[in-house]
Structure formats: C-alpha cells, structure tokens
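Colleague: Could you walk me through this fold, from the overall picture down to single side chains? I would like the reasoning along with the answers.

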Amino acid sequence: MVLASLHPLLVFAPKAREIAAFRLEIWPALLGTVLLIGLWSGVCTGLWRGFLNLPYQIWYRFHRLGMFSLVVLYALHVMNVTDDLKRGWPLYALLTALALYVALFIWVKGIKPRRLKSRGYTVAKVTGVGKDTHAVELSPRDGSVFRYAPGQFAFVTFQSKALPRERHPWTIASTPTKPDSLIFTIKSSGDFTALIGELEPGDTATIDGPYGLFSYLAHVPNSTRELIMIAGGVGITPMLSMLRYMSDRGDTRKVTLVWSNKTEADILHRDELESIEGKLEGLTVHHVLTRQKDYTGPSGRLDKNMLSDLLSACSQEACVFVCGPPPMMDTVCKALKQIGFSSRRIHTERFSI
Ligand SMILES: Cc1cc2nc3c(=O)[nH]c(=O)nc-3n(C[C@H](O)[C@H](O)[C@H](O)COP(=O)(O)OP(=O)(O)OC[C@H]3O[C@@H](n4cnc5c(N)ncnc54)[C@H](O)[C@@H]3O)c2cc1C
C-alpha cells in the first residue's frame, strides 16, 4: 500500500499541473487513481471490518470481487500509462506476473475445489458437548484423513439442506493418532453456527486444510519442553487436539492448562478432559470461572495477578499457547510478558478475523 501510494507522487510530481487539468487522453493515470482508492478501500475494510460493522459474508464477497477487478484494471493501467512497459524486460516481467495471477486463479477457482470435492467427507455424528456447542465428526469417503498436526485448523464447507453453503474455519479438535475421522467442536456464535446442530448423518462436506502453526509440534518438535496452554471458552479446541494427541502418545512432559469459562455449565468435553488428566501424569488443569458466584476455585479475569499465581510453578522457558476471545488474549499476552515470559515463546491463535 505504501509503495502503491507513493509511486504516483514520485512519478507525476513534476507533471502535477498537466494532470490537474483533466483530459481524456490521461485516462490510464486516472484509472491509477481509481485503483489506489480501490486498494485503500480493500485494505481498510479488511482491517476494520468489525469496526465498520460489515457482516463477514458480505465483506468477503465484495472483497473477492473487488480484488479481482483491481487486478484486471491494474493490467489495463500499467499497459497504457507509459511506453516503458511495452517492450523488453519490463513487459516480460509484467506478463509473467499476470500469467502467475491467472494460473493461481485457475488453481484456486477451478482445480482445487474439484480436488477437494473428490476427497469429500460425510457427516458421521453430531453430538452436543456443552452449552450451544456441538462436536461434528466427519469420515473421509476414501478411507483416511489428510496429515495434520494437533492444533491446526481447516476450512469446512457443508453440503446440507439445513445450512447455507459457506466456508468457515474451525480447529481440527481430533487427534492425528485417530486418522479415521476429523472432529470439529463448534460453538454457536452467529447465524451460521446456530444451525450446526441441524446437520444430519449422511450430509457431506469438503475440507480445505490443514493450515496454521498453532501446534507444539510446529514450535518444539522432537523436544520435551514444558508447555503452558491458556484458553478462553471454545478457544480450548486446539489445546484439546494437542492434549488428545499427547495422551495417545503417552507424553510425560509437564503441561499446565489454564481454562477460563463463564460458568461450570460452559465447560466443554468435561468428562473427556478429566480422563485425559488421569492419563497424562504431567498435566495440571486450572479451571477459572468469571461469572459463577458459588465457585471455590480461581474466579475472575485472567490478569497478571491471577496468572502469576497459577503459573508460579512453571518455567519461563515453557512454550505458551493462548487462544480465546480477543480481549482476553490481549490481557493474557500483556500479563505473560510482564511476568517475564519472552514474546518469542508465546504463540496465539485468533478465532475472530
Ligand atoms: C483459525 C480459526 C479457528 C477457529 N476454530 C474454531 C473452533 O474450533 N470452534 C468454534 O466454535 N469456532 C472456531 N472459530 C471461529 C469460527 O470460524 C466462527 O465463529 C464462525 O465462522 C462464525 O460463523 P457465524 O456465521 O455463525 O457467525 P457470524 O456472526 O456471522 O460471524 C461472527 C464472526 O466470525 C467470523 N466469521 C464469520 N464467518 C466466517 C467465515 N466464513 N470465515 C472466517 N471467519 C468468519 C467473523 O469474524 C465474524 O465477525 C475459528 C476461527 C478461526 C479463524
């Protein structure tokens, strides 16, 4: 954005008077102005979509259409704005960039969706696992799931009568040690996720993934380094995947899980977590509740005092994973740094984009 905004100033400053007098023959330069406005709009609505109150799906459609149009207009602009790009290596560089874009477009819109569809999944089970939350188990039609690291996420598109055809990101909450299915734990947080409980066994899905680096295997592979996991609400899903994996692998390292929920009723997969706690000898779980008056354990927000207390027995060399609502993550990351954890060791996953 900075370079795109600066270049007309650098190129045209000497000719400012010429440009100020509007003439049709300078349309390529005027098109450049339209492009710059379009680019700024794309970046600003992308960064501040929440602040501008733009619903995700509407923004997403305009963003994709807008960015595609900008590339087409960009080609027209650079091919006509100057003679310098009409011959020799600048022309070849331009044509190569455009050819790469077209190839990428064909891959993303044509080839990749077909490949994903041919490796489709079927909904095997939908189970309620806590307040407004469902675990959706998907079985691959061709036998085994793709390789992934515990904690990674994927984009899922369901083909079901009950749901509109939208692509949403969810953490793969299951473990790679059980390659027969993928499980997503999905909390109702909007119009689409409110319908997840209406999925039926036999509905189909395409899955694009895995993505992301929120996994201890990505940061401390082949090591037994201590881990700290701090989750808020449904932000537990990547931690759950990592704990399920560690439990199946008989990992003995020290792990501290701090999990904040509003009330006890909001704790998901409670029985399973207790069973993992029984199996993983190095695991300590701290349940923190923010809105339950009769709770005798740690209550209130995860601030510096609370975390210093709960993590007092942990090494500052531990690898820390944080996932939860954005305000909680901001407070936790700030507190962790104040306590003495290096930002190098703090890894985060943001669910709201
Ligand atoms: C990497 C990642 C992993 C996630 N893992 C989980 C999980 O394991 N469990 C869980 O319950 N939730 C998870 N989420 C959040 C989940 O994607 C959103 O809650 C869900 O898409 C909201 O959809 P909605 O239409 O019901 O809500 P809306 O009210 O329409 O949207 C609420 C917010 O969710 C985001 N959102 C909406 N639609 C999309 C979309 N198609 N793609 C991306 N973001 C969108 C936007 O920030 C939006 O403001 C994850 C998000 C990300 C980015």
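What follows is a set of questions and answers on this predicted model.

Colleague: Let's start broadly. How many helices and strands does the protein have?

Modeller: Happy to begin there. The C-alpha trace spans about 75 × 50 × 40 Å along its principal axes, and of the 353 residues, 39% count as buried. The secondary structure comes to 10 helices and 11 strands.

Colleague: What share of the contacts with a separation of 6 or more is made by residues 24 or more positions apart?

Modeller: One pair gives a feel for such separations: Leu273 and Leu240 are 33 residues apart in sequence, yet their C-alpha atoms are 8.0 Å apart in space. Across the protein, residues 24 or more positions apart account for this share of the contacts with a separation of 6 or more: 70%.

Colleague: Now the open sheet. Which strands are at its edges?

Modeller: Six strands form this sheet, in the order S4-S3-S6-S1-S2-S5, with antiparallel pairing. An edge strand pairs on one side only, and that holds for strand S4 (167-171) and S5. From one strand to the next, the twist averages 35°. So, by name, the edge strands are S4 and S5.

Colleague: Is S5 largely enclosed or not, and how many of its residues are buried?

Modeller: Strand S5 covers residues 182-187 and is largely enclosed by the rest of the structure. That follows because the buried residues, out of six, number five.

Colleague: Which residue of S5 is the bridge partner of His134?

Modeller: Strand S2 (residues 133-140) runs antiparallel to S5, and six bridges join the two. For His134, the bridge partner in S5 is Ile186.

Colleague: And which residue of S6 stands opposite Val156?

Modeller: Strand S3 (residues 153-159) pairs with strand S6 (residues 204-211) in the antiparallel sense, again over six bridges. Opposite Val156, in S6, stands Ile207.

Colleague: Let's look at aromatic rings. Is the pair Phe153 and Phe155 stacked, tilted or edge-to-face?

Modeller: The structure holds 11 aromatic pairs. In this one the ring centres are 5.7 Å apart and the planes are at 75°. An angle over 60 degrees is the cut-off that matters here, so the pair of Phe153 and Phe155 is edge-to-face.

Colleague: Are those two residues buried or exposed?

Modeller: Phe153 has a relative accessible area of 18%, and Phe155 has 19% relative accessibility. Buried means under 20%, so Phe153 and Phe155 both count as buried.

Colleague: Which residue has its charged end over the ring of Phe155?

Modeller: There are two such arrangements to show you. Arg49 lies over the face of Trp59, at 5.9 Å from the ring centre, and Trp59 forms one aromatic cluster with Tyr56 and Tyr60. Over the ring of Phe155, 4.1 Å from its centre, sits the charged end of Arg167.

Colleague: On to the nonpolar interior. Which element gives the most residues to the largest nonpolar core?

Modeller: That core has 27 residues, and those with the most contacts inside it are Leu227, Met229, Met239, Leu243 and Leu257. At least two residues each come from strand S7 (227-232), helix H7 (237-249), strand S8 (255-261), H8, strand S9 (283-289) and strand S10 (319-324). With five residues, the element that gives the most is H7.

Colleague: Which residue of S9 stands opposite Trp259?

Modeller: S9 is largely enclosed by the rest of the structure, because five of its seven residues are buried. It runs parallel to S8, joined by seven bridges. Opposite Trp259, in S9, stands His287.

Colleague: Which residues does Leu273 contact beyond its neighbours within four places in sequence?

Modeller: Leu273 belongs to helix H8 (residues 270-279) and, at 4% relative accessibility, counts as buried. Beyond those neighbours, Leu273 is in contact with Leu243, Leu257, Trp259, Val285 and His287.

Colleague: One last residue: what is the relative accessible area of Ser215?

Modeller: Ser215 lies in the loop between S6 and helix H6 (216-219). Apart from neighbours within four places in sequence, Ser215 is in contact with Ala149, Pro150, Met242 and Phe321. Ser215 is buried, and its relative accessible area is 1%.

Key: Residues are numbered from 1 along each chain as its sequence is written. This is a predicted model: local features need pLDDT of at least 70, side-chain atom pairs count only at pLDDT 80 or more; totals for chains, interfaces and linings use all residues. Side-chain values use heavy atoms; hydrogens and water are left out. Helices (H or I, at least four residues) and strands (E, at least two) are DSSP runs, numbered from the N terminus. Buried means under 20% relative accessible area, exposed over 50%, partly exposed in between (1.4 Å probe, protein chains only). Contact means heavy atoms within 4.5 Å. A nonpolar core is a set of buried Ala, Val, Leu, Ile, Met, Phe, Trp, Tyr and Cys residues joined through side-chain atoms within 4.5 Å. Axes are lines fitted to C-alpha atoms, for helices over the stretch in contact, and angles run from 0 to 180 degrees between N-to-C directions. Rings of Phe, Tyr and Trp (its six-membered ring) pair if their centres lie within 6.5 Å; planes under 30 degrees apart count as stacked, over 60 as edge-to-face and the rest as tilted. A charge sits over a ring if NZ of Lys or CZ of Arg is within 6 Å of the ring centre and within 35 degrees of the ring normal.
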